[in-house]
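Reader: I'd like a close look at one part of this model. Could you walk me through it once it's on screen?

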Amino acid sequence: MAEVDHLAAERATARFDVEEMKVAWAGSRHAVHVADRMARLVASDPVFRKDNRTMLSRKELFKDTLRKAAHAWKRIVELRLTEEEADLLRQYVDQPGYVDLHWGMFVPAIKGQGTEEQQHKWLPLAYKFQIIGCYAQTELGHGSNVQGLETTATFDPKTDEFVIHSPTLTSSKWWPGGLGKASTHAVVYARLITEGKDYGIHGFIVQLRSLEDHSPLPGVTLGDIGGKFGSGAYNSMDNGVLRFDHVRIPRDQMLMRLSQVTREGKYVHSNVPKQLLYGTMVYVRQSIVADASKALSRAVCIAVRYSAVRKQFGSQDGGPETQVLNYKTQQSRLFPLLASAYAFRFVGDWLNWLYTDVTQKLEAKDFSTLQEAHACTAGLKAVTTSVTADAIEECRKLCGGHGYLNSSGLPELFAVYVPACTYEGDNVVLLLQVARILMKTVSQLASGKQPVGTMAYMGKVQYLMQCKSAVSSAEDWLNPDAIQEAFEARALRMAVNCAQNISQAASQEEGFYERSPDLLEAAVAHIQLIIVTKFIEKVHQEIPGHGVKEQLQALCNVYALYILHKHLGDFLATGCITPRQGALANEQLGKLYAQVRPNAVALVDAFNYTDHYLGSVLGRYDGDVYPALYEEAWKDPLNETVVPEGYHEYLRPLIKQQQLKLSRL
Ligand SMILES: CCCCC/C=C/C(=O)SCCNC(=O)CCNC(=O)[C@H](O)C(C)(C)COP(=O)(O)OP(=O)(O)OC[C@H]1O[C@@H](n2cnc3c(N)ncnc32)[C@H](O)[C@@H]1OP(=O)(O)O
Ligand SMILES: Cc1cc2nc3c(=O)[nH]c(=O)nc-3n(C[C@H](O)[C@H](O)[C@H](O)COP(=O)(O)OP(=O)(O)OC[C@H]3O[C@@H](n4cnc5c(N)ncnc54)[C@H](O)[C@@H]3O)c2cc1C
């Protein structure tokens with residue numbers, strides 16, 4: 001706890017129990033306690049220091065990442081941390097590195113696509129770090145189009161081996177995190193060729209480096225792909241390039257849960273959908289939604305606390321100036337982001353439940369919810385990451401000039417976060433997947449097939465295509481049914497409009513291509529409906545703690561009405577609401593902002609972030625921003641000497657030359 005709390009007055013105005021809000025945010029009392037313990041463990045350990053990160057060279061930063069990962073592993077073993085604790089500890093270390101891909105993609109790929117025998121062989125090695133793995137799918141020439149990958153895995157029945165080969169430059173694996181310098185193994189995606197036939201993309205476990213001296217194995221060429229956007233940031237990660245020159249692996253290193261190649265070279269596909277090959281991506285997309293709420297809440301926490309500290313204008317007579325948080329424009333830019341952080345948190349929890357449910361069904365050979373899992377993970381990944389990336393940049397601007405300093409934490413947070421819009425599926429490509437499923441669902445409505453899951457609302461097509469909102473006052477927009485109906489009608493009408501336009505094209509494919517910009521918007525409308533629905537469902541539950549439910553109710557309304565206001569064109573164009581009802585929604589939004597204002601600092605305190613994790617002088621818990629900014633400036637390497645290096649070479653001769661010229665005049 002800080003000695004002087006500059007934000008004490010702000011905290012005193014909160015109208016709810018912050019400790020209970022922490023529970024609502026974290027999901028349970030247990031989750032709060034574990035997160036708290038792990039965050040403090042990391043914050044108190046000097047090895048996990050990160051305030052100097054943006055000043056390190058690439059090599060120093062990479063070595064620092066290796067050091068932190070090794071130290072984190074040592075602590076995990078020494079303290080016998082559970083899987084939950086270990087995950088949190090790594091999260092609070094907060095430095096992208098090879099371990100993210102080892103635990104986040106290599107292990108899940110083996111679990112999801114390996115047979116039991118393969119899991120027994122490989123997982124214990126991975127769990128104990130006897131091998132380090134990455135996920136090598138993307139190539140120089142192809143990322144989004146997985147079916148277009150070129151690497152080949154040709155079965156040789158003479159030796160019972162696969163020959164892994166990169167036939168072209170564009171088939172070089174390019175981007176996999178952890179590949180460049182750290183991994184000893186990879187799950188490599190390649191075209192399976194046997195008996196002269198190409199069976200498309202499959203996964204193979206391939207050893208890349210010696211377990212003795214880390215040198216590349218014969219036929220393997222690999223390295224780092226080079227520096228990335230921003231200082232510090234994702235440059236701690238060794239994204240890599242990899243080429244194979246006829247590298248041989250035993251047949252049993254093909255991941256054979258979904259399909260197999262027999263000793264004779266016969267291809268056998270189990271009776272399961274081939275899209276299960278994409279399972280690891282579905283798993284990671286699901287986790288990226290939860291990560292979006294973490295990144296967004298960090299940025300919002302910094303911007304809210306600093307906006308309460310920062311004062312500008314407001315007094316002509318030498319009295320105190322106005323906190324910038326009191327400006328209505330600041331509130332209307334910041335509070336929707338605060339509400340979005342909560343919205344993404346809850347939809348992330350729901351998505352995690354959906355994923356677990358679908359996984360259990362798949363185990364029982366029930367594939368009926370596979371499409372729902374794909375649409376929800378792809379769509380929510382796309383919308384939450386795009387919003388979060390834009391929001392971090394908005395938070396930087398909300399912090400004025402100081403937000404541009406590395407010490408604000410925001411530039412690095414943005415640079416680390418922004419590739420989330422691209423990795424694990426480019427957001428546009430993923431939204432077009434959602435749009436395809438929407439179009440398929442619309443086309444099935446005529447046949448009487450009832451949509452299920454998050455598409456179920458489309459079954460109310462007769463009603464939703466013609467309903468008129470009954471809202472007649474600003475307060476009416478506080479009714480969740482009014483919000484739900486408007487969002488459902490907007491999403492359905494946009495999808496139906498697209499379907500009608502597509503049906504007029506020469507072919508379905510051409511229509512889809514021509515209408516793809518509209519389809520993107522229809523997909524976004526559908527995903528926003530899911531987020532609003534899950535937030536409404538959350539606040540309908542019993543939520544303990546004084547005032548907690550009321551605050552969440554207000555944030556839910558802020559989220560929904562902000563989206564309505566921002567996309568008013570959609571709502572009006574589809575005729576779901578009238579211009580007057582749109583204006584009433586905006587009026588209500590203004591009242592909600594006023595309701596959030598006294599609770600704003602407490603609402604970000606509920607995220608329960610340590611100063612170490614936030615990594616921002618502007619977002620400090622105690623609000624003592626100015627001395628921290630001042631002190632931080634002196635730590636810059638440029639300030640190590642009073643007279644800068646280069647003075648004698650470049651500045652002094654210049655000045656002297658000019659002085660000489662002047663003296664001659
Ligand atoms: C810890 C964080 C660090 C992050 C590190 C980053 C790692 C990475 O980035 S790993 C590489 C990630 N790469 C991608 O995400 C690539 C994106 N591309 C794809 O996923 C696919 O190429 C595609 C989905 C865009 C297209 O797939 P394709 O097979 O060409 O097929 P269609 O579009 O024709 O779809 C056929 C059929 O399959 C359904 N479907 C597609 N994906 C899935 C899925 N994941 N799960 C279930 N079903 C899926 C699709 O809906 C179609 O269904 P039908 O219409 O019923 O046939
Ligand atoms: C930081 C980072 C880490 C990564 N880590 C890994 C990893 O560990 N393992 C791995 O295998 N890969 C990894 N990747 C690769 C990543 O998955 C791909 O970059 C991603 O899938 C996008 O593919 P692409 O680069 O081919 O983009 P492209 O598909 O070339 O996208 C270029 C543009 O084309 C547009 N576009 C493409 N297709 C369509 C379409 N059908 N319709 C309309 N527009 C389209 C896109 O919207 C985009 O604007 C990583 C990438 C990054 C940036």
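How do the residues of the shell around ligand 2 divide into nonpolar, polar and charged?

Author: Sure. First, some ground rules: this is a predicted model, where local features need pLDDT of at least 70 and side-chain atom pairs count only at pLDDT 80 or more, while totals for chains, interfaces and linings use all residues. Residues are numbered from 1 along each chain as its sequence is written, and chains are lettered from A and ligands numbered from 1 in the order in which they are written.

Now your split: the shell around ligand 2 has 11 nonpolar, eight polar and two charged residues. Here Ala, Val, Leu, Ile, Met, Phe, Trp, Tyr, Cys and Pro count as nonpolar, Asp, Glu, Lys and Arg as charged, and the others, Gly among them, as polar.

In total, 21 residues surround ligand 2, a residue being near if its C-beta atom, placed from the backbone, lies within 6 Å of the molecule. The closest are Gln137, Thr138, Gly143, Ser144 and Val428. Two elements give two or more residues to this shell, strand S1 (133–136) and helix H12; helices (H or I, at least four residues) and strands (E, at least two) are DSSP runs, numbered from the N terminus. H12 has the largest share, three residues.

Helix H12 (427–445) also turns up around ligand 1, where it supplies at least two shell residues, as do H6 (98–113), H8 (279–309) and H10 (370–398). That shell divides into 10 nonpolar, 11 polar and two charged residues. Of the 23 residues around ligand 1, the nearest are Gln275, Tyr278, His374, Tyr423 and Gly425.
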